[in-house]
Amino acid sequence: MIYLKDIPKSLEQGDICWNLPKISPAQINFSLIKGFWIKNIKQAESGIPREPITLEIQPSLSCGVILTQSCDIRSGSVILFAELREKEEDPFSPKLKGRLNQITKILHTDTRFHYFPIDNSIEILKVQKVLDFMTLFLIPYDFLKDDIKNFFIARLISDAQKVLCEKISRFFTRLAFDDIMFLTNEEIKKYIKIHNLDIGEVRETLSKFNRDF
Amino acid sequence: MSVFQQDVIINDDIVKDFSQQIIAGYSQIEESQKVITTTDPLITRFAPLIKIAINFFLKILSKIRNKIIHAYYNFKEILPALFDSVIEGILKYVNRTKKPILLTFTQIYNIFEIVGLEEIYPETFEKISACLQWKIISSNWIDLFFLQSYKETLLSNVSSDVLDAIKNLINIILMHKREELDNKKFEEELSIFLSE
């Protein structure tokens, strides 16, 4: 298998950890603070002193994979994690051929997700997991370093680690463009349906390219 | 007093009504004793005995009533602690067995409310918050509407510990709801990607 289970002395890129205290925007009710925040910005513009705004956040228990490069993992640094998630219902095809195609597709072509196979000897990997690069969170290395055994689950073997590095690199260097500028109106109709897009927003985007839809 | 199920609860009012009925009944019997006029020799002969027996019975009943009321108030005092222990026991059981809980928090509260539970200790809320945070239970187990209603029924002089514990619990449930939405979005996006 692709996992090494011996507890290491220090952490590396690609290490799978659990019991992590995740703090992410999903835990914060931004709509509650937005009013106060804007009010304070306006107050400052008018010369009125700003008011303190505090947020109470309870960290969420999470399982993640280290994205930070191994050379940057040292005392005083902050480690970037992406959450290892599972779908409640098996997202993969029950048919072997379809399943293989889906796994290959995630590994080869997708930039957002990465695939972690089952290992029945590891509790949290008894089901297939998907690494979601859109769920990033930070934890100080000093929080983890003296208690690695409480957080560490498994390390990827060298080849699997290289694949992950490529996926990380691809996620952060993926092209930022609007797909629809390359599509015909007929193709856009299908694209809207597949991606469940708002037609108003699509029209707004196309208007930037002087196109009608 | 209950806010949620006024029609089914047994509480102070019922005990008071019960004692008032006994006193009223006793007074009625005493009044009726004064106006009995009969020439039936059998009734005339046994009337004093019946009166003594009734008096004796009512005196015993009166003592029992006081003891029942006393015991009920004692029981009521320990109810929040008992409720806390039951909730803690359930949470420990779920943590150990990973089995879902059959009754929701509100249903368990309603059962205790029938026997007079009026107050929930802040510790109970804190234990639930901890279990939610450590993902031992689902946020669906405790109803947000129930918590908000319970908070509204609290007296203005309630301790800040109780209010803080409820506020924290509400915050963590809302956080879970936002995470659930986020997870749902992830599942939909992954499904769309894999189905293409």
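Helices, of which α1(A) is one, are taken here as DSSP runs of at least four residues, numbered from the N terminus. In this predicted model, a glycine follows closely on that helix: just after α1(A), G47(A) adopts a positive phi of about 85°. Helix α1 of chain A itself covers residues 30-45. Its 16 residues, at 1.5 Å a residue, should span 22 Å, and the end C-alpha atoms are 22 Å apart, so expectation and model agree. None of the 16 residues of α1(A) is buried, and the helix therefore lies largely in the open.

Positive phi values also occur at residues that are not glycine. Most residues other than glycine have a negative phi. N19(A), which is not a glycine, nevertheless has a positive phi of about 60°. This residue belongs to strand β2 of chain A, residues 16-22. N19(A) has 14 other C-beta atoms within 10 Å and is therefore partly exposed. In chain B, K98(B) likewise is not a glycine and has a positive phi of about 60°. K98(B) is placed in the loop between α2 (41-97) and α3 (105-114) of chain B. Because K98(B) has 8 C-beta neighbours inside 10 Å, it counts as exposed.

A further residue of chain B, Q133(B), is found in helix α4, residues 122-133. Q133(B) has 17 C-beta neighbours inside 10 Å and so counts as partly exposed. When neighbours within four places in sequence are left aside, the contacts of Q133(B) are with Q58(A), L61(A) and I172(B). The C-alpha atom of Q133(B) is separated by 9.8 Å from that of M175(B), a residue 42 residues apart from Q133(B) along the chain.

Notes:
Residues numbered from 1 in each chain as written. Chains lettered and ligands numbered in written order. Predicted model: local features only at pLDDT ≥ 70, side-chain atom pairs only at ≥ 80, totals over all residues. Helix = DSSP H or I, 4+ residues; strand = E, 2+ residues; numbered from the N terminus. Expected span 1.5 Å × (residues − 1). Buried ≥ 20, exposed ≤ 12 C-beta atoms within 10 Å, placed from the backbone. Contact = placed C-beta atoms within 7 Å.
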